[in-house]
Amino acid sequence: MYVRVAEITSTSDIQFKMLMAFVENVMLPRNIAAGQLSGEVFRTSENSCFVVSRFESKDHADKIMSLMSSELDEMKGNNRIKLIEGSRVLCLGRDSRTPA
């Protein structure tokens with residue numbers, strides 16, 4: 001398992017809403033169709049969030065990144081984006097989809 005986390009801060013709430021509409025309706029569905037395992041968005045303030053993207057491997061993550069590299073460059077024009085990524089070393093816990 002390989003994970004890429006993007007921390008995104010937009011210049012305004014409206015810019016953030018436009019970005020989220022694009023991520024939800026275009027970017028994540030296309031990336032998942034191309035092999036990304038999942039994508040989750042967590043809002044941290046009125047105009048910022050982080051996106052957790054899971055992949056089978058770094059190679060798969062890089063393949064998906066190549067599909068969206070020009071869009072990512074365009075998004076950086078109005079947003080601050082910081083990427084961190086790495087291979088999973090350990091996973092403990094309950095699956096959140098399992099009822100208590």
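**Exercise 1. The salt-bridge network**

Work out how Arg4, Lys58, Asp62 and Glu85 are linked in a network of salt bridges, keeping in mind that this is a predicted model.

*Solution.*

Step 1. Start inside helix α2, where lysine 58 and aspartate 62 both sit, four residues apart, or about one turn of the helix. Their side chains form a salt bridge, with an N to O distance of 3.1 Å.

Step 2. Next, follow lysine 58 to its other partner named here, glutamate 85; the closest N and O atoms of this salt bridge are 4.0 Å apart. This pair links distant parts of the chain, since glutamate 85 belongs to strand β4 and lysine 58 to helix α2, 27 residues apart.

Step 3. Now look at exposure. Partly exposed covers the range between 20% and 50% relative accessible area. Lysine 58, at 40%, is therefore partly exposed. Aspartate 62 has 34% relative accessibility, so this residue is partly exposed too. Glutamate 85 is also partly exposed because its relative accessible area is 39%.

Step 4. Put the pieces together: Lys58, Asp62 and Glu85 join Arg4 in the network. For the structure, the count comes to eight salt bridges.

**Exercise 2. A bent helix and what it packs against**

Describe helix α2: where does the helix bend, which of its residues are buried, and what do those residues pack against?

*Solution.*

Step 1. Helix α2 runs over residues 58–75, and the bend of about 60 degrees is at methionine 68.

Step 2. List the buried residues of α2: Ala61, Ile64, Met65, Met68, Glu71, Leu72 and Met75. Notice that Met68, the site of the bend, is on this list.

Step 3. Find the partners. The buried residues of α2 pack against the strands β1 (2–10), β3 (48–55) and β4, and against helix α1 (13–33).

Step 4. Take a second look at Glu71, one of the buried residues. The side chain of glutamate 71 meets that of arginine 30 in a salt bridge of 2.8 Å, N to O. The two residues are 41 apart in the chain, and the pair links helix α2 to helix α1. Arginine 30 has a relative accessible area of 28%, so this partner is partly exposed.

**Exercise 3. Two cysteines**

Decide whether cysteine 49 is buried or exposed, do the same for cysteine 91, and say how many disulfides the structure holds.

*Solution.*

Step 1. Buried means under 20% relative accessible area, and exposed means over 50%.

Step 2. Cysteine 49 has 1% relative accessibility and is therefore buried. Cysteine 91 is exposed because its value is 53%.

Step 3. The disulfide count is zero.

**Exercise 4. A nonpolar patch after β4**

Which residues make the nonpolar surface patch, and where does valine 89 lie?

*Solution.*

Step 1. Val89, Leu90 and Leu92 make the patch, with an area of about 420 Å².

Step 2. Valine 89 is found in the segment that follows β4 (79–87). With a relative accessible area of 81%, valine 89 passes the 50% cut-off and so is exposed.

**Exercise 5. A glutamine under cover**

Is glutamine 15 buried or exposed, and which residues does glutamine 15 touch?

*Solution.*

Step 1. Place the residue first: glutamine 15 is in helix α1.

Step 2. Its relative accessible area is 18%, so glutamine 15 is buried.

Step 3. Leaving out residues up to four places away in sequence, glutamine 15 touches Ser10, Asn78 and Asn79.

Key. Residues numbered from 1 in each chain as written. Predicted model: local features only at pLDDT ≥ 70, side-chain atom pairs only at ≥ 80, totals over all residues. Heavy atoms only, no water. Patch = residues over 30% accessible without salt bridge, like charges linked within 9 Å, V, L, I, M, F, W, Y side chains within 5 Å. Areas by Shrake-Rupley, 256 points an atom, 1.4 Å probe, with all protein chains shown as cover. Buried < 20%, exposed > 50% of the residue type's maximum accessible area, 1.4 Å probe, protein only. Bend = angle between axes of the 7 residues up to and from the residue. Contact = heavy atoms within 4.5 Å. Disulfide = S-S within 2.5 Å.
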